[in-house]
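These are my notebook entries from a slow walk through one structure. I set down what I looked up, in the order in which I looked.

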Amino acid sequence: MGKSVACPVDRCAFEGTTMDVANHIQENSKESHQWEVLRWDDRDEFCRTIHFNEGQRFEKLGQEALDHGDYEAAIENIENGISHFKRAQEFAEDPSTLTEHCQDMLDWIADIEVAEQIQHIDDLVDLAENAIDGGDELQFHENPRSAADEYNTATDALNEAITVASRVAPDRVPRLEQRLRRVRVRQESLELSESHHSIRKLVISAREYTTAGDRAFHESDYETALDNYEQAKRDYESLSSVFDAFSFDEPVPDPTICDVCKQQYTEKLNFWEIDLGISLEVCPLCTRFGPDGNLPTPRVIAAEKRAVVENIESIQDGDVGLVWSSDTPQEPIPDTSVSEDTSGPDRRELLIELVGLYQRFGEAPTAEQIDEHTEFGYLEYRAQFGSIADALQEAGFDV
Ligand SMILES: [Zn+2]
Ligand SMILES: [Zn+2]
């Protein structure tokens with residue numbers, strides 16, 4: 001409203017509010033400042049027209065701001081427009097002319113305010129979703145405290161979104177509450193994660209001992225190899241007992257109990273599913289047993305343990321020298337431990353090396369990796385097993 005108006009007379013420098021200019025013209029006796037010369041009927045028509053034009057100008061600015069998504073500026077301009085239209089009305093013979101238009105503009109502001117609130121809800125949901133993703137990532141990497149911070153951020157954002165939505169978009173409340181329940185389950189899972197952590201720790205330890213054992217085995221240091229394999233075996237045995245509390249083949253009817261870890265949650269767990277031959281409804285922690293997770297299934301653990309136990313038996317039986325003597329292949333190989341196919345290495349040897357690589361890379365090794373890191377090379381695996389996937393399957397891995 002503060003914008004000043006210039007006197008419409010050529011070369012007159014006067015400016016001020018509409019009323020100031022109207023009074024300036026009214027009180028000016030010069031011919032140039034007579035209403036009829038200026039082609040206005042009178043002071044009222046002048047004031048009415050100036051205010052009406054200003055009202056239209058602000059209305060247009062409001063629409064432009066809205067087109068740019070600037071809700072605050074839109075509302076401010078529309079409000080300015082309304083007050084100019086109201087001033088125009090004061091100078092009109094029939095004061096009702098602009099009433100309807102002013103009411104339309106007030107309704108328009110109310111609509112914009114709702115749109116602004118809906119945008120606010122969307123922003124809060126985005127914020128919450130990002131925090132949930134961040135929390136999941138941190139939880140996956142064993143950082144429960146930072147994960148808890150992220151989940152708290154998500155909870156705050158969703159609670160605020162629910163408050164706003166219950167005012168302007170009540171139909172969005174149920175879905176927001178559902179999102180919030182999912183965060184609550186995640187928060188609860190952080191409290192219950194101890195057994196998952198111990199599985200993770202034991203798996204890492206068992207695999208480290210196995211790798212150390214394999215290395216010693218390759219260097220023909222069987223005593224060290226045996227020590228490491230025995231440690232690995234102990235870890236695998238502890239793992240088996242931790243796994244006793246878990247089940248991978250029996251869905252439970254209660255939707256608040258995780259099918260795998262059997263832990264009870266206060267909310268239903270029907271958001272997360274893993275498929276391990278059978279579809280299981282699980283808690284967020286147990287999704288890590290799935291194909292994209294970082295926890296192995298008992299089946300994988302059993303296969304790894306079996307390989308370690310076999311290595312221990314080989315060393316104890318004293319048949320190691322022959323199996324692992326490929327560095328000096330000219331040595332005579334006693335026929336007791338060699339498979340029927342005397343022209344190539346035995347399948348078990350091939351598998352032990354392949355399992356070592358699989359554990360090292362965390363996935364099926366490529367042909368190049370096999371050529372580089374095994375004594376036999378990719379072609380030997382292909383000749384014996386058909387494919388690497390087949391070989392891994394024979395070793396007990398679910399690939
Ligand atoms: Zn003037
Ligand atoms: Zn679970």
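What percentage of the contacts in the protein chain with a separation of 6 or more comes from residues 24 or more positions apart? I found 54%, where two residues are in contact if their C-beta atoms, placed from the backbone, lie within 7 Å.

**Entry 1, ground rules.** I note that this is a predicted model, in which local features need pLDDT of at least 70 and side-chain atom pairs count only at pLDDT 80 or more, while totals for chains, interfaces and linings use all residues. Residues are numbered from 1 along each chain as its sequence is written, and chains are lettered from A and ligands numbered from 1 in the order in which they are written.

**Entry 2, confidence.** I looked up pLDDT, the predictor's confidence in each residue, from 0 to 100, and its mean over the protein chain is 87, with 92% of the residues at 70 or more. Among the elements, helix α3 (residues 71-90) has the highest mean, 96, and helix α10 (residues 320-323) the lowest, 49. Over residues 321-343 pLDDT stays under 50, and the model has 17 contacts beyond four places in sequence for them. Where pLDDT is low, the predicted coordinates should not be read in detail.

**Entry 3, overall form.** I counted 14 helices and 4 strands in the protein chain, these being DSSP runs numbered from the N terminus, with helices (H or I) of at least four residues and strands (E) of at least two. The radius of gyration is 39 Å, whereas a compact globule of 399 residues would have one near 21 Å; the value is taken over C-alpha atoms, and the globule rule is 2.2 Å times the number of residues to the power 0.38. Along the principal axes, the C-alpha atoms fill a box of roughly 130 × 50 × 35 Å. The domain assignment, which is automatic or from a database, gives domain 1 (5-93), domain 2 (115-188) and domain 3 (337-399), and the C-alpha centres of domain 2 and domain 3 lie 47 Å apart.

**Entry 4, the cores.** I found that 30% of the 399 residues count as buried, meaning that 20 or more other C-beta atoms, placed from the backbone, lie within 10 Å of the residue's own (12 or fewer is exposed, and in between is partly exposed). A nonpolar core is a set of buried Ala, Val, Leu, Ile, Met, Phe, Trp, Tyr and Cys residues joined through C-beta atoms within 7 Å, and the largest has 30 residues, with Ala206 and Leu351 among those that touch the most other members. The largest share of this core, 7 residues, comes from α11. Beyond four places in sequence, Ala206 touches Ala232, Asp235, Tyr236 and Leu239. Apart from this core lies another, of 16 residues, including Ala22, Ile78, Phe85 and Ala88.

**Entry 5, helix α11.** I saw that 11 of the 15 residues of α11 are buried, among them Leu354 and Tyr358. Just after α11, Gly362 takes a positive phi of about 75°.

**Entry 6, two single residues.** Pro298 has its place in helix α9 and counts as partly exposed because it has 19 C-beta neighbours inside 10 Å. Leaving aside neighbours within four places in sequence, Pro298 is in contact with Phe243 and Phe248. Glu45, in helix α2 (residues 43-67), is also partly exposed, because 16 C-beta neighbours lie inside 10 Å.
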